[in-house]
Amino acid sequence: MKKTKAERKQELEDTIEANPFITDEALAERFGVSVQTIRLDRSELRIPEVRTRIKQLAETNHDDVRALQNEEVIGEIVDLQLDDQAISILDITDDHVFTRNGIARGHHLFAQANSLAVAIINDAFAVTGRANIRFMRQVYAGERVVAKAKVKKRSHGYPVITVDSYVNQTLVFKGEFVMSKGKEA
């Protein structure tokens, strides 16, 4: 049964609030309507496009990275609470994929997750001591990877960070990083 416009708009608002990184294309697919319909609904609800939402999050929702320079972070950090949690996004381009099959090279997904795990540490120096990672599915050019990091525990005094990366709310990468922090050698 088809939803009314009012029901769709309410669900659209709830969906974007739950996942501000979702694209108009993904919303159109989810609701079974055209991209133009989603854009019209967003406009009527005064919800900005995904790039503007991401920029607003990036400007308001994070501490300053201490362990890395901004240009050393792979992806764009849009939320950072030091020693707690962080979120970054990485748009996969043709530069990130194998030319013969369009699948993203794994080191880009690892680099996004690893740099986020380092960035979350509230110290001027942090490095990865050990990583346990798993690729859950292939990622392709044109997809947006949203990595979510969380400081989970300490192992022998070292922070343990989990990073889960998603494309359209589908888990594509999972990692656990044991970090070392302290004085630079």
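In this predicted model, the charged end of Arg30 sits over the ring of Phe31, at 5.9 Å from the ring centre. A second placement of this kind involves Arg105, whose charged end lies over the ring of Phe98, 6.0 Å from its centre.

Phe31 belongs to helix α2, which spans residues 24-31. Within this helix, Asp24, Ala26, Leu27, Ala28 and Phe31 are buried. The cover over these buried residues includes α1 (5-18) and α3 (35-45). After α2 comes Gly32, which has a positive phi, near 70°.

Asp24, one of the buried residues of α2, also takes part in a charged contact. Its side chain meets that of Arg42 in a salt bridge, with an N to O distance of 2.9 Å. This pair links distant parts of the chain, as Asp24 is in helix α2 and Arg42 in helix α3, 18 residues apart. How buried or exposed are the two partners? Asp24 has a relative accessible area of 7% and is therefore buried, the limit being under 20%. Arg42 is likewise buried, with a relative accessible area of 7%.

Across the whole structure, a search finds 10 salt bridges. One of them joins Arg137 and Glu143, whose closest N and O atoms are 3.3 Å apart. Here Arg137 is partly exposed, with a relative accessible area of 28%, while Glu143 counts as buried because its relative accessibility is 18%. Another salt bridge is formed by Asp164 and Lys174, with the closest N and O atoms 3.2 Å apart. Asp164 lies in strand β5 (residues 158-167) and Lys174 in strand β6 (residues 170-181), so this pair ties together parts that are 10 residues apart in sequence. Asp164, at 18% relative accessibility, counts as buried, whereas Lys174 is partly exposed at 38%. Salt bridges that share partners also join Asp24, Glu25, Arg39 and Arg42 into one network.

The aromatic side chains offer further links between elements. How many aromatic pairs does the structure hold? There are two. In the pair of Phe110 and Phe177, the ring centres are 5.8 Å apart and the planes stand at 45°, so the arrangement is tilted. Phe110 lies in helix α5 (residues 106-119) and Phe177 in strand β6, so the contact ties together parts that are 67 residues apart in sequence. Phe110 counts as partly exposed, at 27% relative accessibility, but Phe177 is buried, at 0%. The pair of Phe135 and Phe173 is edge-to-face, with 5.3 Å from centre to centre and 70° between the planes. Phe135 is in strand β3 (residues 126-135) and Phe173 in strand β6, so these rings connect parts that are 38 residues apart in sequence. Phe135 is partly exposed, with a relative accessible area of 40%, and Phe173 is buried, with a relative accessible area of 0%.

The nonpolar interior comes next. In soluble globular proteins, nonpolar side chains tend to be buried together. The largest nonpolar core of this model contains 29 residues, of which Ile92, Val139, Ile161 and Val163 touch the most other members. At least two residues of this core come from each of β1 (76-81), β2 (85-91), α5, β4 (144-155), β5 and β6. Which element gives the most to this core? The answer is α5, with six residues.

Val163 illustrates the surroundings of one such core member. Leaving aside residues up to four places away in sequence, Val163 touches Ala113, Ala117, Ala147, Lys148, Ala149, Phe173, Lys174, Gly175 and Phe177. Among these contacts are Phe173 and Phe177, each of which also has a ring partner: Phe135 for Phe173, and Phe110 for Phe177. Lys174, also touched by Val163, is the salt-bridge partner of Asp164.

A second, separate core of 11 residues includes Ala26, Leu27, Val35 and Ile47. Ala26 and Leu27 lead back to helix α2, where both are buried.

Terms used:
Residues numbered from 1 in each chain as written. Predicted model: local features only at pLDDT ≥ 70, side-chain atom pairs only at ≥ 80, totals over all residues. Heavy atoms only, no water. Buried < 20%, exposed > 50% of the residue type's maximum accessible area, 1.4 Å probe, protein only. Helix = DSSP H or I, 4+ residues; strand = E, 2+ residues; numbered from the N terminus. Contact = heavy atoms within 4.5 Å. Salt bridge = Lys/Arg side-chain N within 4 Å of Asp/Glu carboxyl O. Phe/Tyr/Trp six-rings, centres within 6.5 Å; stacked < 30°, edge-to-face > 60°. Lys NZ or Arg CZ within 6 Å of the ring centre and 35° of its normal. Core = buried A, V, L, I, M, F, W, Y, C linked by side-chain atoms within 4.5 Å.
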